[in-house]
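Please take a moment with the sequence and the model shown here before reading on. The paragraphs that follow go from the surface to the interior and then to pairs of residues set apart along the chain.

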Amino acid sequence: MIKGIDAILIASENPKVLADFYKDKVGLQFEDEFEYGEEGKSGFMFKVGSTGLTILPHDEVKGKNTNPARIMLNIEVDDIETEVKRLKDAGVKVVAEVYHVEGYGYIATFEDVDGNYFQLVQVRA
């Protein structure tokens with residue numbers, strides 16, 4: 001029986017830089033830095049609601065994401081206009097301004113320092 005998604009993993013050539021972006025610019029709740037692999041590299045864990053977000057090094061990941069729309073994080077917020085302004089003020093790159101999806105809510109798309117897309121979403125009550 002499937003119980004849920006435990007964590008989402010994002011691999012990066014520079015996981016510390018990416019983790020700092022999600023902590024300092026996006027404002028995700030940082031949980032832990034841990035040793036990853038036999039070379040003693042660092043991984044970084046965040047808690048986003050009931051799901052974990054883990055940022056890890058990976059030998060096969062180099063540079064920026066060349067296909068950033070393939071998989072996106074949706075980060076739920078209670079006031080999308082306020083949060084979008086906060087990210088813009090922090091210098092986070094906007095990919096798509098706030099738009100409405102009927103029956104779902106509002107979405108704005110941003111790009112992280114590795115070129116991955118993530119979205120702020122304010123779902124309908």
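Why does Asp79 count as partly exposed? The model is a predicted one, and in it Asp79 has a relative accessibility of 33%, which lies between the 20% under which a residue is called buried and the 50% over which it is called exposed, so Asp79 counts as partly exposed. Asp79 is found in the loop that runs between strand 5, residues 73–76, and helix 2, residues 80–89. On the surface, Asp79 gathers with Glu76, Asp78 and Glu81 in a patch of negative charge.

Other charged residues are paired with a partner of opposite charge, and the structure holds eight salt bridges. One of them joins Asp20 to Lys16, with the closest N and O atoms 3.0 Å apart. Both Asp20 and Lys16 lie in helix 1, which covers residues 15–26, and they are four residues apart, which is about one turn of the helix. Asp20 counts as partly exposed because its relative accessibility is 24%, and Lys16, with a relative accessible area of 43%, is also partly exposed.

A salt bridge within helix 2 can be read in a similar way. The side chains of Glu83 and Arg86 meet in a salt bridge, with 2.8 Å from N to O, and because these two residues are three residues apart in helix 2, about one helical turn separates Glu83 from Arg86. Arg86 has a relative accessibility of 34%, so it counts as partly exposed.

The salt bridge between Asp59 and Lys41, in which the closest N and O atoms are 3.2 Å apart, is placed in another setting. This pair links distant parts of the chain, 18 residues apart, since Asp59 is in the loop between strand 4 (51–57) and strand 5, while Lys41 is in strand 3, residues 41–48. Asp59 has a relative accessibility of 55% and therefore counts as exposed, whereas Lys41, with a relative accessible area of 33%, is partly exposed.

The loop that holds Asp59 also holds Glu60, which is found between strand 4 and strand 5. Glu60 counts as exposed because its relative accessibility is 72%. Although Glu60 and Glu13 are 47 residues apart in sequence, their C-alpha atoms are 8.4 Å apart in space.

Salt bridges can also be joined in a network, as they are for Lys64, Lys93 and Glu111. Is Glu111, a member of this network, buried or exposed? Its relative accessible area is 15%, so Glu111 is buried. Glu111 is found in strand 7, and from C-alpha to C-alpha it is 9.6 Å from Ala96, a residue 15 positions apart from Glu111 in sequence.

The interior comes next. In soluble globular proteins, nonpolar side chains tend to be buried together. The largest nonpolar core of this model has 22 residues, and those with the most contacts inside it are Tyr22, Val26, Phe46, Phe110, Phe118 and Leu120. Two or more residues are given to this core by each of helix 1, strand 3, strand 4, strand 5, helix 2, strand 7 (105–111) and strand 8 (117–123). Helix 1 supplies the largest share, which is five residues.

Helix 1 is also the place of Ala19, which is buried because its relative accessible area is 1%. Ala19 and Thr54 are 35 residues apart in sequence, and the distance between them in space, C-alpha to C-alpha, is 8.7 Å. Asn14 lies in the loop between strand 1 (7–12) and helix 1, and with a relative accessibility of 43% Asn14 counts as partly exposed. Asn14 and Phe34 are 20 residues apart in sequence, and from C-alpha to C-alpha they are 15 Å apart in space.

Nonpolar residues are also found on the surface, where Tyr99, Val101, Tyr104 and Val123 form a nonpolar patch with about 270 Å² of accessible area together. Within that patch, Val123 lies in strand 8, and its relative accessible area of 30% is why Val123 is partly exposed. Strand 8 is thus an element that gives two or more residues to the largest nonpolar core and also holds Val123, a member of the nonpolar patch on the surface.

Definitions and conventions
Residues are numbered from 1 along each chain as its sequence is written. This is a predicted model: local features need pLDDT of at least 70, side-chain atom pairs count only at pLDDT 80 or more; totals for chains, interfaces and linings use all residues. Side-chain values use heavy atoms; hydrogens and water are left out. Patches are made of residues with over 30% relative accessible area and no salt bridge: like charges are joined within 9 Å, nonpolar side chains (Val, Leu, Ile, Met, Phe, Trp, Tyr) within 5 Å. Accessible areas come from the Shrake-Rupley method with a 1.4 Å probe; for residues, only the protein chains shown count as cover. A salt bridge is a side-chain nitrogen of Lys or Arg within 4 Å of a carboxyl oxygen of Asp or Glu. Lys and Arg count as positive and Asp and Glu as negative; His and the chain ends are not counted. The place of a charge is taken as NZ of Lys, CZ of Arg, CG of Asp or CD of Glu. Buried means under 20% relative accessible area, exposed over 50%, partly exposed in between (1.4 Å probe, protein chains only). A nonpolar core is a set of buried Ala, Val, Leu, Ile, Met, Phe, Trp, Tyr and Cys residues joined through side-chain atoms within 4.5 Å.
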